[in-house]
Amino acid sequence: MNIFTKLFLLLAVLSAVPLGIAATVLMRQSDALQRELLQKSSETGERTSKQSETALEKQASLSHQQVVAEKAVQIQGFFENIRRAVLLESTLILHGLLVDPPKQSPPLYKAEQIAAWLAKDKHFAQQVHGKKPYTGYHLAPGVKHEDVKLDMERLRQLGYFLAHNQRALPWCISTYMGHRSGFIFGYPGRSAYPKGYDPRKRPWYREAAKQGHLVWTDLYLDRNKIDMVITCANPVYEPTTKALLAVAAIDVKLTQIVKQIFHLSLIHISEPTRPRLVSRMPSSA
């Protein structure tokens with residue numbers, strides 16, 4: 001082995017020593033840096049998770065408040081529309097009772113006829129009932145048709161309003177009026193009236209007559225003692241004598257109100273605002 005080979009090997013050994021030491025130091029520093037990065041990443045993840053939870057809770061609270069507010073506006077608007085419809089119905093009743101019967105008016109059917117047609121006549125059930133203008137009526141016990149015929153003829157034109165109201169206010173289940181003489185006009189009609197039914201003895205009629213102004217009744221059983229309803233009713237008075245002529249009314253079934261309260265398809269929830277997350281990683285030296 002010549003001198004040059006020996007010198008080359010010596011230099012290689014001498015240079016390998018500091019390189020090995022440096023590699024060892026670098027590996028140790030790398031492990032420490034990796035542990036620090038993992039720790040910082042874990043801490044950042046926890047902060048991010050907490051920020052996300054807080055943001056979601058806040059958004060959920062805001063969404064809940066928005067749903068309640070919008071649903072309150074919807075329900076309030078619905079009851080306001082019912083109130084206005086009853087007042088308009090009252091005006092039409094008064095006008096109808098003070099003028100001569102019109103030459104042309106919608107059909108006038110007995111409530112028993114409507115119930116029978118619904119059970120047997122598909123055309124009436126599908127094409128007429130609740131769609132075309134007509135008026136269903138019932139006479140209280142002891143009321144003779146000839147005694148109320150003139151007023152009934154005068155009020156037949158209500159059929160146009162009744163049909164329109166049923167389409168415009170889908171939440172209401174029935175629009176009707178009770179006359180002081182003991183007959184009732186209603187729309188769309190579903191079943192025959194119970195034996196002995198007298199509109200003047202019903203809660204909606206008595207409450208409106210007692211208060212002397214538009215009222216909302218408490219919940220009560222309908223005439224068939226099946227559904228719980230709430231009624232908006234308004235008394236109609238003769239302008240000169242101030243005598244009670246009739247009571248206009250609209251029924252809303254309790255289940256309809258509950259369905260609208262929990263029906264959320266018309267609620268528009270704002271797009272949630274995503275929190276801006278900033279990761280604070282340690283800067284390299």
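Which residues does His-138 touch, not counting residues up to four places away in sequence? In this predicted model, the list is Glu-112, Gly-182, Phe-183, Ile-184, Tyr-193 and Tyr-197.

**A histidine and its neighbours**

Let's stay with this histidine for a moment. To find His-138, look along strand 2, which covers residues 135-139. His-138 has a relative accessible area of 9%, and since buried means under 20%, this residue counts as buried. One of its contacts, Tyr-197, comes up again when we look at polar atoms: the side chain of His-138 reaches the backbone oxygen of Tyr-197 at 3.4 Å.

**Charged pairs**

Now for the charged side chains. Side chains of opposite charge can pair when their charged atoms come close. How many salt bridges does the structure hold? The count is 6, and here are some of them, including a pair from helix 1.

| Salt bridge | Distance (N to O) |
|---|---|
| Glu-80 and Arg-84 | 2.9 Å |
| Arg-154 and Asp-151 | 3.2 Å |
| Arg-200 and Asp-198 | 2.9 Å |

Let's start with Glu-80 and Arg-84. Both sit in helix 1, which runs over residues 3-97, and because they are 4 residues apart there, about one helical turn separates them. Their side chains meet in the salt bridge shown above. Is each partner buried, partly exposed or exposed? Glu-80 has 26% relative accessibility, so it counts as partly exposed. Arg-84 has a relative accessible area of 52%, and because the cut-off for exposed is over 50%, Arg-84 falls in the exposed class.

The pair in helix 4 (residues 145-155) has a similar theme: Arg-154 and Asp-151 are 3 residues apart, again about one turn of the helix. Here, though, Arg-154 is buried, and Asp-151 is buried too. Their side chains still meet in a salt bridge, at 3.2 Å from N to O.

What about Arg-200 and Asp-198, whose side chains also form a salt bridge? Arg-200 is partly exposed, with 28% relative accessibility. Asp-198, at 10% relative accessibility, counts as buried. Salt bridges can also link up through shared partners, and that is how Glu-80, Arg-83 and Arg-84 are joined into one network.

**Putting it together**

So, what should you look for in the structure? Start at strand 2 with His-138, and follow its side chain to the backbone oxygen of Tyr-197. Then go to helix 1 for Glu-80 and Arg-84, and finish in helix 4 with the buried pair, Arg-154 and Asp-151.

Methods. Residues numbered from 1 in each chain as written. Predicted model: local features only at pLDDT ≥ 70, side-chain atom pairs only at ≥ 80, totals over all residues. Heavy atoms only, no water. Helix = DSSP H or I, 4+ residues; strand = E, 2+ residues; numbered from the N terminus. Buried < 20%, exposed > 50% of the residue type's maximum accessible area, 1.4 Å probe, protein only. Polar contact = N/O pair within 3.5 Å; in protein donor to acceptor, adjacent residues only side chain to side chain. Contact = heavy atoms within 4.5 Å. Salt bridge = Lys/Arg side-chain N within 4 Å of Asp/Glu carboxyl O.
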